[in-house]
Amino acid sequence: MPKPVLLVTRKLPAAIEARCAADYTARLNEADTPRSPADILALAQGADAILACAADRIDAATMAALPVSVRVIATFSVGYDHIDVAAAHARGIAVVNTPDVLSVATAECAMLLILAAARRAGEGERLVRAGKWEGWAPTQLMGTLVSGRRLGIFGMGRIGRELARMARGFGMAVHYHDIARLPPELEQGAVYHASDETFLPACDVLSLHAPGGPGTRHWLNAARIARLPRGVIVANAARGTLVDDEALVAALKSGHVGYAGLDVYDGEPNVNPGYLAQQNVVLLPHLGSATTETRDAMGHLALDGIDAVLAGRTPANLVR
Ligand code: DGY
């Protein structure tokens, strides 16, 4: 029996590409060239499955134009706001993602952003690299402790809960806001806020962990920023679309937000130039899940999902 045809939109870790090549007639992307929707449509001709990434936009128009041969799209990410899932389902195309396996890595990245922001690591790194460091000084680049501070987590899903676990180790008090309160075994003593009104003023540090998409677009806007305590630290390792960049840049300029740590951007890889002009923001290039172990696990989970759909089974990581 011929192997199913798999379109892989971007270069993947070696172990994952090896599995793709062993189990599929794999159309790999050795040069890691970013694929436009038109590229994906052209390359998907005759494919049974597509293994896409968070950087690939598969909207309703692209979905409608995919060849009938495509039965499943796996995204090498937990977030699937770049895929029109309703349009996929309307076409009978299954969508699978990579939950759980990246929760620790992404939470570690959020903790990194929080610590880097609190301790002004971005400024320090830039100072040393520029050859401008003149030696230790008692008042140089003084930041703030995170220990004893209140961490507010917006979106207490798997990644938010991992961050809460790590933050407790740093002596932070965890508060959270989500659509529903968690059971005590998941809440682990975190303080639930049903509304922004009580949540936002309780954040010395605010870390965003909600999914992207229209429902959360620009959730962190000027009105919500105004409710945060002056000097708050804001971290975002979720989706750039959660933040109204103009509002956050204005707050960084005024000092209402003391520092921000960002790993994701609205319209990435473009970054709002307002951030680049500010010293009090540390910027990473969407590294949340970028560890070797995590990316291997994501690839295997994505392929497990494709295998299951093509074999007529329901994968555990099916997006519903
Ligand atoms: C995800 O999994 O959604 C990440 O943002 C991609 O690394």
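1. In this predicted model, the side chains of Glu 187 and Arg 181 meet in a salt bridge, with N and O 2.8 Å apart. The two partners sit in contrasting surroundings, since Glu 187 is buried at a relative accessible area of 6%, whereas Arg 181 is exposed at 56%.

2. A further salt bridge joins Glu 197 and Arg 227, whose closest N and O atoms are 3.8 Å apart. Glu 197 belongs to helix 9 (residues 196-199) and Arg 227 to helix 10 (residues 222-227), so this pair ties together parts that are 30 residues apart in sequence. Glu 197 is partly exposed, with a relative accessible area of 45%, and Arg 227 also counts as partly exposed, at 40%.

3. Salt bridges that share partners also build one network out of Arg 19, Asp 23, Asp 304 and Asp 307. Within this group, the side chains of Arg 19 and Asp 307 meet at 3.0 Å, N to O, and they link distant parts of the chain, because Arg 19 is in helix 1 (residues 14-23) and Asp 307 in helix 13 (residues 292-310), 288 residues apart. Arg 19 is buried, with a relative accessible area of 17%, while Asp 307 is partly exposed at 24%. The structure holds 16 salt bridges.

4. Turning to the ligand, the residues around it include Ser 77, Val 78, Leu 102 and Arg 295. Oxygen atoms of the ligand lie 2.6 Å from a side-chain N or O atom of His 286, 2.7 Å from a polar side-chain atom of Arg 239 and 2.9 Å from a backbone N or O atom of Gly 79. The protein covers 89% of the 230 Å² of accessible area that the ligand has on its own.

Conventions
Residues are numbered from 1 along each chain as its sequence is written. This is a predicted model: local features need pLDDT of at least 70, side-chain atom pairs count only at pLDDT 80 or more; totals for chains, interfaces and linings use all residues. Side-chain values use heavy atoms; hydrogens and water are left out. A residue is near a molecule or strand if one of its heavy atoms lies within 4 Å of it. A polar contact is a pair of N or O atoms within 3.5 Å; within protein, one must be able to donate a hydrogen and the other to accept it, and residues adjacent in sequence count only if both atoms are side-chain atoms. Accessible areas come from the Shrake-Rupley method with a 1.4 Å probe; for residues, only the protein chains shown count as cover. A salt bridge is a side-chain nitrogen of Lys or Arg within 4 Å of a carboxyl oxygen of Asp or Glu. Helices (H or I, at least four residues) and strands (E, at least two) are DSSP runs, numbered from the N terminus. Buried means under 20% relative accessible area, exposed over 50%, partly exposed in between (1.4 Å probe, protein chains only).
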